[in-house]
Amino acid sequence: MTISGSAKVAGVIGWPVAHSLSPRLHTFWLSAHAIDGAYVPLAVRREDFATVIHALQLANFVGVNVTVPHKEEAFAIAHELDDAARATGAVNLLVFREGGRLQGRNTDALGLAASLGAEHGAKFLHAKPAVILGSGGAARAVTLGLGQLGASDIRIVARDMQRAAALITALQPHVPAPLTAFAWNDFARATKNVALLVNATSGGMQGSAALDVSLAGLPLNAIVCDIVYNPLETGLLRAARAAGHRTTDGLGMLMHQAVPAFEAFYGEAPAVTLALRNDLKKALRHG
């Protein structure tokens with residue numbers, strides 16, 4: 001689609017960034033809404049992040065999505081932060097405002113909650129326990145999202161118990177459900193009676209080691225979600241399906257977290273559709 005000299009331009013900034021599906025996702029919506037705009041990938045080293053953000057503001061970009069390893073730096077340089085960004089300590093969306101001001105948001109928690117709610121119903125987790133694998137930045141967003149879905153208690157299974165304790169200290173004031181940490185080798189006890197298991201680690205991601213957990217003790221009616229989307233069917237999801245569990249892959253979270261970013265950049269609220277999902281799946285198959 002041809003763009004004019006007055007096009008609204010945004011992008012995704014990370015290192016590396018070539019693997020990101022965000023340009024394809026946003027370009028799909030730009031075409032669907034016939035918007036005069038563009039969305040580009042921006043590969044930026046950690047040490048150059050703040051300089052590049054300033055340059056993009058001078059170049060009249062409307063904003064950027066932020067991915068690894070820049071989410072904490074984006075948090076640090078933002079002039080305004082939404083509640084989700086404050087709770088997680090990370091920003092995945094910078095909206096450029098007048099006077100050089102940067103508005104920092106975190107849409108990951110919203111994206112996960114919207115994805116799970118769309119697939120399983122808005123109240124599927126209400127007053128039921130959930131377990132999260134991992135204690136890093138992604139786990140913080142997942143914790144916030146499960147709190148929004150009404151989980152009765154949230155159990156954090158981690159290899160690093162100090163980091164799990166830090167997550168609980170930071171997130172408990174923002175999540176109504178009690179948060180509890182479990183050691184990695186205590187996974188079976190953590191999954192007792194849970195309605196949802198979410199993998200918030202990089203285990204099973206393309207190029208990463210497989211996730212070393214057994215689902216033997218997981219209740220059969222528990223849903224298994226993996227926020228990894230490349231590959232779309234991770235080893236965890238494959239094992240869960242084989243055992244009879246309902247599953248949710250990471251593509252839904254990716255699509256839903258992008259909705260508020262697109263609206264902030266281009267002024268239109270896009271829809272998450274099967275056509276979009278199929279387009280992204282095609283990109284994954286050929287990527």
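In helix 1, the buried residues (under 20% relative accessible area with a 1.4 Å probe, protein chains only) are Ser22, Pro23, Leu25, His26, Trp29 and Leu30. Looking down the axis of helix 1, these buried residues fit within an arc of 165°, so they line one face of the helix; the arc is taken from the directions that run from the helix axis to the C-beta atoms. This is a predicted model, in which local features need pLDDT of at least 70 and side-chain atom pairs count only at pLDDT 80 or more, while totals for chains, interfaces and linings use all residues. Residues are numbered from 1 along each chain as its sequence is written, and side-chain values use heavy atoms, with hydrogens and water left out.

What sits over that buried face? The cover on the buried residues of helix 1 includes strand 1, strand 2, strand 3, helix 10 (251–266) and helix 11 (274–286). Helices (H or I, at least four residues) and strands (E, at least two) are DSSP runs, numbered from the N terminus. Just past the end of helix 1, alanine 34 adopts a positive phi of about 50°.

Now for the sheet. Six strands form an open sheet in the order 2-1-3-5-6-4, with mixed pairing; two strands pair if DSSP finds at least two bridges between them. Its edges are strand 2 (37–43) and strand 4 (80–81), each pairing on one side only. Helix 1 (residues 22–32) packs on this sheet, touching strand 1 (8–14), strand 2 and strand 3, and its direction makes about 175° with that of strand 2. Contact here means heavy atoms within 4.5 Å, and axes are lines fitted to C-alpha atoms, for helices over the stretch in contact, with angles running from 0 to 180 degrees between N-to-C directions. Helix 2 (residues 49–58) lies across strand 1, strand 2, strand 3, strand 5 and strand 6 (102–105), at about 40° to strand 5. Strand 3 (residues 63–66) and strand 5 (residues 93–96) pair in the antiparallel sense over three bridges, and valine 95 in strand 5 is the bridge partner of glycine 63.

Helix 6 (residues 137–148) is another well-covered element: nine of its twelve residues are buried, so the rest of the structure largely encloses it. Among them are Arg140, Thr143, Leu144 and Leu146. Right after helix 6, glycine 150 has a positive phi of about 90°.

Leu146 turns up again in the largest nonpolar core, a set of buried Ala, Val, Leu, Ile, Met, Phe, Trp, Tyr and Cys residues joined through side-chain atoms within 4.5 Å. Of its 34 residues, Leu125, Leu146, Ile154 and Leu196 touch the most other members. Elements that each supply at least two residues of this core include helix 5 (108–120), helix 6, strand 8 (154–158), strand 10 (196–199) and strand 11 (223–226). Beyond its neighbours within four places in sequence, leucine 125 is in contact with residues including Ala130, Leu146, Leu149 and Leu196. A second, separate core of 26 residues includes Leu21, Trp29, Ala261 and Phe265.

Strand 11 is covered on both faces: Ile223 and Cys225 on one side, and Val224 and Asp226 on the other, are all buried. Strand 11 pairs in the parallel sense with strand 10 over four bridges, where asparagine 199 stands opposite aspartate 226. Strand 11 also pairs in the parallel sense with strand 12 (residues 247–248), over two bridges, and cysteine 225 stands opposite threonine 248 there.

Notes:
Buried means under 20% relative accessible area, exposed over 50%, partly exposed in between (1.4 Å probe, protein chains only). The expected span of a helix is 1.5 Å times one less than its number of residues.
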